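Here are a few notes to go with the structure you asked me to look over. Keep the 3D view open and click on each residue as you read.

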Amino acid sequence: MRPLLRTPAPWLFAAALAVVVAVGVALRVPYLAAYPNPSGDEGNWLWAAHDLALGRPHALLPDGRFVPLTFARAIALVFRLAGDGIAQARALPVALSLVALVACPLALRAAGLSRAALALACVLAWHPWCVAWSRTVCVPYGPVLALSLTGVTLLFALSVSPRAFTPRALFSWGLAWQL
């Protein structure tokens, strides 16, 4: 008797993941600057990034100073490399969510959890924080979800792997812990 839930063949997993990633790209990449909204949180992050890209010091408003400027510094780097603009700023959350969309399923597949990998890929491909927030406003919510989920997924995949304590895996543990 065949088991009800079998692990899909490698080619089938790769094809399914490619389709999910293609849908994720199609939902995120076109028309990034179609809805400019330089007010509220997006305005604060873009203004901070613009100042930092020009080498000017920047401090957030008093009610937002509890937030580190890491996201603004990342956008400032994008501005230096690709120029100022809303599309360039929104490309950063899109890129980070697409990295998670590929890295998380591959980590779970390496741990032998192919079906869970594809399910997680589908969640990340259509998750509103990763799609809608990156399409309409440049805020760190999508990247935080993507990076934290990537770190947790890598830690989980490493912990269930039989090669969990090799030097290469220990380096990956450290990297995953930082995410």
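1. Let's start with asparagine 44, which you'll find in helix α2. Keep in mind that you're looking at a predicted model. Is this residue buried, exposed or something in between? Asparagine 44 has a relative accessible area of 35%, and values from 20% to 50% count as partly exposed, so partly exposed is the right label for asparagine 44. Now look for glycine 64: it sits 20 residues away from asparagine 44 in sequence, and their C-alpha atoms are 9.4 Å apart.

2. Stay in helix α2 and find glutamate 42. Its relative accessible area is 0%, so glutamate 42 is buried. What does glutamate 42 touch, leaving aside its neighbours within four places in sequence? The contacts are Asn37, Ile86, Arg90, Thr136, Val137, Cys138 and Val139. Try showing these side chains together with glutamate 42.

3. Tryptophan 47 belongs to helix α2 as well. With a relative accessible area of 52%, tryptophan 47 is exposed, because the cut-off for that label is over 50%. Between tryptophan 47 and leucine 60 there is a separation of 13 residues in sequence and of 9.4 Å in space, going from C-alpha to C-alpha.

4. Next, rings. How many aromatic pairs does the structure hold? Just one. The partners are tryptophan 45 and phenylalanine 71, with ring centres 5.4 Å apart and planes at 85°. Planes over 60 degrees apart count as edge-to-face, so that is what we call this pair. Tryptophan 45 sits in helix α2 (residues 40-53) and phenylalanine 71 in helix α3 (residues 70-82), so the pair links distant parts of the chain, 26 residues apart. Both tryptophan 45 and phenylalanine 71 are buried.

5. While you're in helix α3, have a look at leucine 77. Leucine 77 is partly exposed, and its relative accessible area is 46%. Its C-alpha atom is 8.3 Å from that of alanine 49, although the two residues are 28 apart along the chain.

6. Now for a pair of helices. How do α1 (residues 10-28) and α5 (residues 114-126) lie relative to each other? Their axes come within 9 Å and cross at roughly 10°. Angles under 35 degrees count as roughly parallel, and α1 and α5 therefore get that description. On the α1 side, the contact involves Phe13, Ala16, Leu17, Val20, Val23, Gly24, Leu27 and Arg28. On the α5 side you'll find Ser114, Ala117, Leu118, Ala121, Cys122, Leu124, Ala125 and Trp126. Sorted by type, the residues of this contact come out as 13 nonpolar, two polar and one charged.

7. Phenylalanine 13 deserves a second click. Which residue lies over the face of its ring? That is arginine 109, at 4.9 Å from the ring centre.

8. Finally, zoom out. The protein has eight helices and zero strands, and from the N terminus on its elements read α-α-α-α-α-α-α-α. It has 179 residues, and 39% of them count as buried. Consider contacts between residues at least 6 apart in sequence: 69% of these join residues at least 24 apart.

How values were computed:
Residues are numbered from 1 along each chain as its sequence is written. This is a predicted model: local features need pLDDT of at least 70, side-chain atom pairs count only at pLDDT 80 or more; totals for chains, interfaces and linings use all residues. Side-chain values use heavy atoms; hydrogens and water are left out. Axes are lines fitted to C-alpha atoms, for helices over the stretch in contact, and angles run from 0 to 180 degrees between N-to-C directions. Helices (H or I, at least four residues) and strands (E, at least two) are DSSP runs, numbered from the N terminus. Angles under 35 degrees count as roughly parallel, over 145 as roughly antiparallel, 65 to 115 as roughly perpendicular and the rest as oblique. Contact means heavy atoms within 4.5 Å. Ala, Val, Leu, Ile, Met, Phe, Trp, Tyr, Cys and Pro count as nonpolar, Asp, Glu, Lys and Arg as charged, and the others, Gly among them, as polar. Rings of Phe, Tyr and Trp (its six-membered ring) pair if their centres lie within 6.5 Å; planes under 30 degrees apart count as stacked, over 60 as edge-to-face and the rest as tilted. Buried means under 20% relative accessible area, exposed over 50%, partly exposed in between (1.4 Å probe, protein chains only). A charge sits over a ring if NZ of Lys or CZ of Arg is within 6 Å of the ring centre and within 35 degrees of the ring normal.
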